[in-house]
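Me: I would like a close look at a single part of this model, taken slowly and with the reasoning spelled out.

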Amino acid sequence: MKLAAAALALASTLTLLAGCASNTGSGSGTTGELKTASDQTAGEKRASIRIQLAVGYYQQGKYEIALDEIKKALAADAAYADAYGLRALVYTSMGQYPLAEENYQQALRLRPNDPEFSNNFGSFLCQSVNRPAEAMRYFDAALKNPTYQTPLSALVNAGVCSIKNQNNDAAERYLLEALRLNPGLPTVNTGLARVYYERRDLERAGFFINRLLETAKLETLSADALWLAMRIGRKAGDRTHEASLAAQLRRRFPGSPEYAAYERGAFGE
């Protein structure tokens, strides 16, 4: 679940960065208008090209080359917010969390109302540095922005993070809204199954876990999702899928805490 949420956030951000014209603000010489590509200075255009190159290297896992392109972008335009946003993603992927946080904060200083920056910083705080309570205000800031093009990402991230923060009421609210936007998203069905399982509402938990098993390939599910499905099925007295789920858990995650719990028969944990 964590990986799926993070991947969704990263993908939406990369789409934004690759097609980004420049920082938003007032157009040169015109009040009340947003800045567009035709308003870019020469430095901003150079920075934009460098960032598009950096995005490509980042997607290929060539982090050092991506960082070098970002440096060149900032040399051309030191206030280029997307450069800091992308550098935060690169540092996160490299496990350089203090540097990543510094760059997220700088991106938000330069563009404080940017919903993509807010969403990704929230995801970083929740998943990378385990500060879920702090993360929630960034998801909410993204969702309150009427210009946000990909609210599903922040809804899913907020739902997952609320579960981590042991706030199932908030998780249910975010995930049901995400369900309305995309009923087939595995992360949403897994999250709602977990919320209802924690409440001991086995009927609803079974409904969402069965939807997950019907719509997602077993080989794509995390250890957490597989073990959740096994526990819900066992509690509900339905062991139809247990053997195939256990085989996936054993084959793909033999060293996981979930497989260890299965080996102990700890279905009630």
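Is D82 buried or exposed, and what is its relative accessibility? Please start from there and then describe the helix that holds D82 and the contacts around it.

Reply: This is a predicted model, and what follows should be read with that in mind. D82 has a relative accessibility of 0%, so it counts as buried, the cut-off for that term being under 20%. Its side chain meets that of R111 in a salt bridge, with a distance of 2.8 Å from N to O. The two residues are 29 apart along the chain and the pair links distant parts of it, since D82 belongs to helix α4 whereas R111 lies in the loop between α5 and α6, the latter helix covering residues 115–128. R111, at 9% relative accessibility, also falls under the 20% cut-off and therefore counts as buried.

The helix that carries D82 can next be placed against its partner. Helix α4 spans residues 81–93 and helix α5 spans residues 97–110, and the two pack with their axes 8 Å apart, at an angle of about 160°. Because angles over 145 degrees count as roughly antiparallel, that value makes α4 roughly antiparallel to α5. The crossing of the two helices is left-handed.

On the α4 side, the residues that meet α5 are A81, Y84, G85, R87, A88, L89, Y91 and T92. On the α5 side, their counterparts are Y97, L99, A100, N103, Y104, Q106, A107 and L110. Divided by character, the residues of this contact comprise 11 nonpolar, 4 polar and 1 charged.

For comparison, some salt bridges elsewhere in the chain can be set beside this pair. The count for the model comes to 13 salt bridges. One of them joins the side chains of R131 and E134, at 2.9 Å from N to O. R131 has a relative accessible area of 26% and is therefore partly exposed, and E134, at 32% relative accessibility, likewise counts as partly exposed. Another is formed by E242 with R239, where the closest N and O atoms are 3.4 Å apart; E242, at 11% relative accessibility, counts as buried. Returning to the starting point, salt bridges that share partners join D82, R111 and D114 into one network.

Definitions and conventions: Residues are numbered from 1 along each chain as its sequence is written. This is a predicted model: local features need pLDDT of at least 70, side-chain atom pairs count only at pLDDT 80 or more; totals for chains, interfaces and linings use all residues. Side-chain values use heavy atoms; hydrogens and water are left out. Axes are lines fitted to C-alpha atoms, for helices over the stretch in contact, and angles run from 0 to 180 degrees between N-to-C directions. Helices (H or I, at least four residues) and strands (E, at least two) are DSSP runs, numbered from the N terminus. Angles under 35 degrees count as roughly parallel, over 145 as roughly antiparallel, 65 to 115 as roughly perpendicular and the rest as oblique. A crossing is left-handed if the near helix is turned anticlockwise from the far one by less than a right angle, and right-handed if clockwise. Contact means heavy atoms within 4.5 Å. Ala, Val, Leu, Ile, Met, Phe, Trp, Tyr, Cys and Pro count as nonpolar, Asp, Glu, Lys and Arg as charged, and the others, Gly among them, as polar. A salt bridge is a side-chain nitrogen of Lys or Arg within 4 Å of a carboxyl oxygen of Asp or Glu. Buried means under 20% relative accessible area, exposed over 50%, partly exposed in between (1.4 Å probe, protein chains only).
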